[in-house]
Amino acid sequence: MKFKKVGDKYILRIFKGEKIAESIINFCKECKINSGAFYGIGALNQVELMVYQANQKGYTTKAFKEDMEVLSIIGNVAFLDDKHVVHAHISLSDTEFKSIGGHLKEGLVSGTLELVFADFKAKLIRKYDSETGLNLLEL
């Protein structure tokens with residue numbers, strides 16, 4: 001991964017073979033960023049997606065191993081149990097131009113992933129909410 005500060009934001013380029021969420025967390029640690037938001041585009045060849053099931057208070061997970069375009073990824077970084085955590089949603093297109101999407105668990109970059117990252121200059125915390133089964137932002 002490489003990154004560059006441009007104005008008040010950062011531009012990140014995650015390389016082929018690197019994991020998306022892991023790279024974003026490493027970037028935040030290296031730059032001493034507590035919390036922020038990001039969006040981007042790129043390509044990957046492995047991804048694990050999740051969909052929230054409200055009645056189960058949890059997620060259904062599905063893995064894909066194929067070339068896909070990242071039509072859009074958007075998310076944020078906060079803290080959960082004193083560790084950085086990425087919360088991201090992603091839209092993808094396969095080689096037949098069919099789209100899928102969901103909550104990103106992790107993905108492996110196949111070409112590149114380009115992100116714009118905004119540092120909140122604050123530390124946002126997530127806490128478990130028993131009503132939803134989600135780790136929600138404390139605001």
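## A walk from helix α1 outwards

Start by selecting α1: the elements covering its buried residues include β1 (2-6), β2, β3, β5, β6 and β7. Keep in mind as you go that this is a predicted model.

**Stop 1: the buried side of α1.** Colour Ile20, Ala21, Ser23, Ile24, Ile25, Phe27 and Cys28, which are the buried residues of the helix. Why might the numbers in a list like that be spaced the way they are? An α-helix has 3.6 residues a turn, so residues three or four places apart point the same way. Now step just past the end of the helix to Lys32, which follows α1 and has a positive phi, near 55 degrees.

**Stop 2: the largest nonpolar core.** This core has 28 residues, and those touching the most other members are Ile24, Phe38, Ile73 and Phe117. Show these four as sticks. Next, bring up the elements that each give two or more residues to the core: β2 (9-15), α1 (20-30), β3 (36-53), β5 (68-80), β6 (83-93) and β7 (99-119). Which of them gives the largest share? That's α1, with six residues.

**Stop 3: Ile73.** Stay with one of those four core residues and select what is around Ile73. Leaving out residues up to four places away in sequence, Ile73 touches Ile20, Phe38, Tyr39, Gly40, Ile41, Ala88, His89, Ile90, Leu104 and Leu115. You've already met Ile20, one of the buried residues of α1, and Phe38 from the core.

**Stop 4: Gly101.** Move to strand β7, where you'll find Gly101. Is Gly101 buried or partly exposed? Gly101 counts as partly exposed because its relative accessibility is 39%. Beyond residues up to four places away in sequence, Gly101 touches Leu49, Ile90 and Ser91. Ile90 is also on the contact list of Ile73. For a distance to try in the viewer, go C-alpha to C-alpha from Gly101 to Gln46: they are 55 residues apart in sequence and 13 Å apart in space.

**Stop 5: Asp94.** Finish in the loop between β6 and β7, with Asp94 selected. Here's a charged residue that is buried yet has no salt bridge. How far away is the nearest side chain of opposite charge? It belongs to Lys98, 6.0 Å from Asp94. Look at the backbone instead: the Asp94 side chain reaches the backbone nitrogen of Lys98 at 2.9 Å, and a polar atom of that side chain lies 2.9 Å from the backbone nitrogen of Glu96. To complete the view, add Glu66, Asp67 and Met68, which Asp94 touches when residues up to four places away in sequence are not counted.

Technical notes. Residues are numbered from 1 along each chain as its sequence is written. This is a predicted model: local features need pLDDT of at least 70, side-chain atom pairs count only at pLDDT 80 or more; totals for chains, interfaces and linings use all residues. Side-chain values use heavy atoms; hydrogens and water are left out. A nonpolar core is a set of buried Ala, Val, Leu, Ile, Met, Phe, Trp, Tyr and Cys residues joined through side-chain atoms within 4.5 Å. Buried means under 20% relative accessible area, exposed over 50%, partly exposed in between (1.4 Å probe, protein chains only). Contact means heavy atoms within 4.5 Å. Lys and Arg count as positive and Asp and Glu as negative; His and the chain ends are not counted. A salt bridge is a side-chain nitrogen of Lys or Arg within 4 Å of a carboxyl oxygen of Asp or Glu. A polar contact is a pair of N or O atoms within 3.5 Å; within protein, one must be able to donate a hydrogen and the other to accept it, and residues adjacent in sequence count only if both atoms are side-chain atoms.
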